[in-house]
Amino acid sequence: MSETTETTETNDLIRLTALQMAERLRVGEITSVELTQAHLDRIAAVDGGERGVHAFLHVNADEALAVAAEVDAIRAAGGAEAEALHPLAGVPVAVKDNIVTIGQPTTAGSRMLEGWMSPYDATVVTKLRQARLPILGKTNLDEFAMGGSTEHSAFGNTRNPWDLDRIPGGSGGGSAAAVASFMAPLALGSDTGGSIRQPGAVTGTVGAKPTYGGVSRYGVIAMASSLDQIGPVARTVQDAAALQELLGGHDAKDSTSLTEPLEGLLTAARQHDVTGLRIGIVSELKGEGYQEGVLERFREAVTVLQDAGAEVIEVSCPHLKYALGAYYLIMPSEASSNLAKFDGVRYGNRVVPEEGGTIEQVMGATRAAGFGEEVKRRIILGTYALSAGYYDAYYGSAQKIRTLVQRDFDEAFSKVDVLISPTSPTTAFGLGEKIDDPLAMYLNDVATIPANLAGIPGISVPGGLAEGLPVGVQFLAPARGDAVMYRAAAALESRLEQAWGAQLWAQAPELDDTRSTQPVGVGTADRTAGGENR
Amino acid sequence: MTAVTDEVLTFDEAMAGFDPVLGFEVHVELNTRTKMFSSAANAFGDVPNTNVTEVDLGLPGVLPVVNGKAVEYAIKLGLALNCQIAETCGFARKNYFYPDTPKNFQTSQYDDPIAHDGWLDVELEDGTVFRVEIERAHMEEDAGKLTHVGGASGRIQDAAHSLVDYNRAGVPLIEIVTKPIAGVGERAPELARAYVTAVRDIVKNLGISDARMERGNVRCDANVSLMPKGTAAFGTRTETKNVNSTRAVAHAVTYEIQRQAAILKAGGSIVQETRHWHEDTRTTTSGRPKSDADDYRYFPEPDLVPIVTTPEWIEELRAQLPEPPAERRKRLKADWGFSDEEFRDVVNAGVLDEIADTIAAGATAAAARKWWMGEIARLANVEGKDIPELGVSPADVVEVEALIAEKTINDKIAKQVLGFVAAGEGSPRAIVEARSLAVVSDDGALTTAVQDAIAQNPGVVEKIRGGKLQAIGALIGPVMKATRGQADAGRVREIVMEQLGVTE
């Protein structure tokens, strides 16, 4: 086989957008097995080893290839079944590891669930299977999705493909890094306070949090039920819209899912036209604490949209300054209860104290050993906030703030169609930089959290680079306004790409092949030597 | 089991010094097809841990979905208890760690119950009606069933290991909470029994629960406190948990009154606590201390949306309500023409439904009462069973009546037949056939037996021929003996008169 050509072809193939891949599959130019294998090869090349991205906790090549082969067989056979294939059938996808899957482990990044196999599929996974998207594997995350850097994973951190010494954001750093480094064209994330959008921002990818209830939460290991929402991670706005359409819709197993599906997302993302669209700049989400380079890219984005015909005004959401505080009471309160089930009694790891012990002691030892520091911090915080005598002051007050934040947004959306802000106050920070400073870490979510409190949709799109690192621009829309959000995001994306002359990822550094052991053949010795130099 | 026996006063001594205040929390297990929040079957007695889905095991990622039927049942019960039905209500999480609770929180209604502020008129044995105020009726899910193996106390603390069956986890429950019940005095135990019986009858009548207390379908926690006579401030209460028969509720209340009275009379004070009921000794023992400050960290269940009850829906359900048991009793008593005493005996014997069904199937009210309150009640007493559990159905009674009417059997044989029915030998008609119990109506056989009797009793024959017709009885006896009681006495008399040529 001709290695050079194949590598080039593979490189080209994995750099296509998901919809381009889908189109090539449809016309028979490529097969899903080729496409899936190309991604598996990429994973093998750049994900492992000490300097690998480490986006995946688990890769299931056999299952992914089997699904790919099915899609190819159906296409080859033609007829009604081929016609009925989902447009994204055969396009591989990665799944965040807090979403349960039959046949692949689900750990939520926690020792507590190490080795646990779910006997059931999350509704979103069922949808992926029904649409026949090969699932490449499960991606890394902060333990139970608690964190903004993926450093709180019990199974090691993920690296940012733009700079391997920096964080990929969190909690969905694995999904974002996998998509940013072409290991997967699409991935699933979960967003409780920004866990899809902030990793999207710092890895130069697109991440969307749908309207609360737009996508079923059934089978997603809950952090904070009233805030959690599942959404797409992709490299383009259209790809994200296509994936959200696939994932969304009412689910009888999730009482909080919307009864009517959110429709027309892909159509909206293809529109690119913002003439007359009213865009609001949120005064409270662009000042103190934002990196200058981030603000520069943000201002450029606003100018680009104005030039494209959007009407931009500044709006104030005065209660957003309390949003972070309210979030860090509501989220841990719900989390403390949601995580109570992890006690070693029915599943997962069980730790029995050496001297044996009562049921309480076994539960205590299990939770002491099974949970990491950040998870414990939030459980303790939430338990305290819900305690008799403190409930009104903490949880109760936080719920009032939540209502005020929702009212602020209602008021803002009476004046504008979408809101715009930087996604994250900073670009990717260095690994280890904030690991011992939880407050600094929490502040990273200041611009993303309000959408979760209000249940409204939000998306992060690449806004360019600051000091060589990606900056994200966030759009927020009213509840059920996902389509207009995609429309605005796509308009910005297309105009910025015109200005750059290519997609942002064209500027991303090449990643080294990190395989320490190579098949016997040319170059093995060199690569091994390279490995020792790390 | 603890060997400590508490000091008690006699009930009369206790009542001389104190007025009891009662309160009840009755848990009713609904007989919905599926569980409160999952699609798992709601069924009793199946192989452990077979009626479970990922939701019932609290696996990672699961979400609850409210069982609409359970909500409907809760509204019906609320209406039957004369409650207000909330326009909107929701669930909360009651957080506590215990291995019978898969999520380590119970999903329950907390500060917005679906039904509140109702009342129930309870009829005591002598017909006195006492109104019990209902504070609330709310929906919740049951916990799994723990079995503690090894250890002396049968509790989790010193068990060698414990087994858990999650079949019961998530079974829909309605908890009915009364307001404090004061002013009932010495009739407190009687009221306790009558209240729980009334609730059981209502849920059974509504068809929302199997209402079998021995299976835990209806479980009662009884709160008891005492006030010194002439005072009005409630005393410290105890809560005796899981008293699971109507009789036991009366006993538990009696015991707690006697125990608390002894403590108070001696100058002591009551500890606010839960207490365990012991059926064998008819006593309670201390459980865990309970304080109002138990911190369950309740907060609204974020995985569920509020339940909205429209007035149309409520009225639709109200229209479906069956006749309330108390009104039905009034109506039946009038229809049947029973005296107060006759009717009360029927109610207290628990055979109201059986008699109603027997009458509906064609028997007269008098006949139905005669059999159920007579031979069947006697058989049940001998067997030590409740009448409905004896295994005799209204259809059996109607069949027995039919057999008598067609002179296939007489009353005496009918009693035997009912005994065989209770023993499970089949239907009355089948038993009469199998055991050849039909009365002998074959004139040939009877004539032979009469002729034998005449030949063997010349003295009696002389008297009859001499006009003493009452002496015929002395001939019927031997004939009955010869036919093993299966002869129709009336027909025997006629044949005797024919044979001897006498007339009335």
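Two exercises with worked solutions follow, both on a predicted model.

In this predicted model local features need pLDDT of at least 70, side-chain atom pairs count only at pLDDT 80 or more, and totals for chains, interfaces and linings use all residues. Residues are numbered from 1 along each chain as its sequence is written, chains are lettered from A and ligands numbered from 1 in the order in which they are written, and side-chain values use heavy atoms, with hydrogens and water left out.

**Exercise 1.** Work out what span helix α12 of chain B should have, and find where its buried residues lie.

*Solution.* Helices are DSSP runs of H or I with at least four residues, numbered from the N terminus, and the expected span is 1.5 Å times one less than the number of residues. For the 12 residues of α12(B), 411–422, this should give 16 Å, which agrees with the 17 Å between the end C-alpha atoms. Next, taking buried as under 20% relative accessible area (1.4 Å probe, protein chains only), one finds Ile413(B), Ala414(B), Val417(B), Leu418(B), Phe420(B) and Val421(B). Because they cover an arc of only 160° around the axis, they lie on the same side of α12(B).

**Exercise 2.** Examine the backbone in the loop between β3 and α7 of chain A, at Phe144(A), Ala145(A) and Ser171(A).

*Solution.* Most residues other than glycine have a negative phi, and most peptide bonds are trans. Phe144(A), however, has a positive phi of about 50°, and Ala145(A) has one of about 65°. Phe144(A) is buried at 2% relative accessibility, and Ala145(A) is buried at 4%. Finally, the peptide bond joining Gly170(A) and Ser171(A) is cis, with omega about 5°.

Note on methods:
Helices (H or I, at least four residues) and strands (E, at least two) are DSSP runs, numbered from the N terminus. Buried means under 20% relative accessible area, exposed over 50%, partly exposed in between (1.4 Å probe, protein chains only). The arc is that of the directions from the helix axis to the C-beta atoms.
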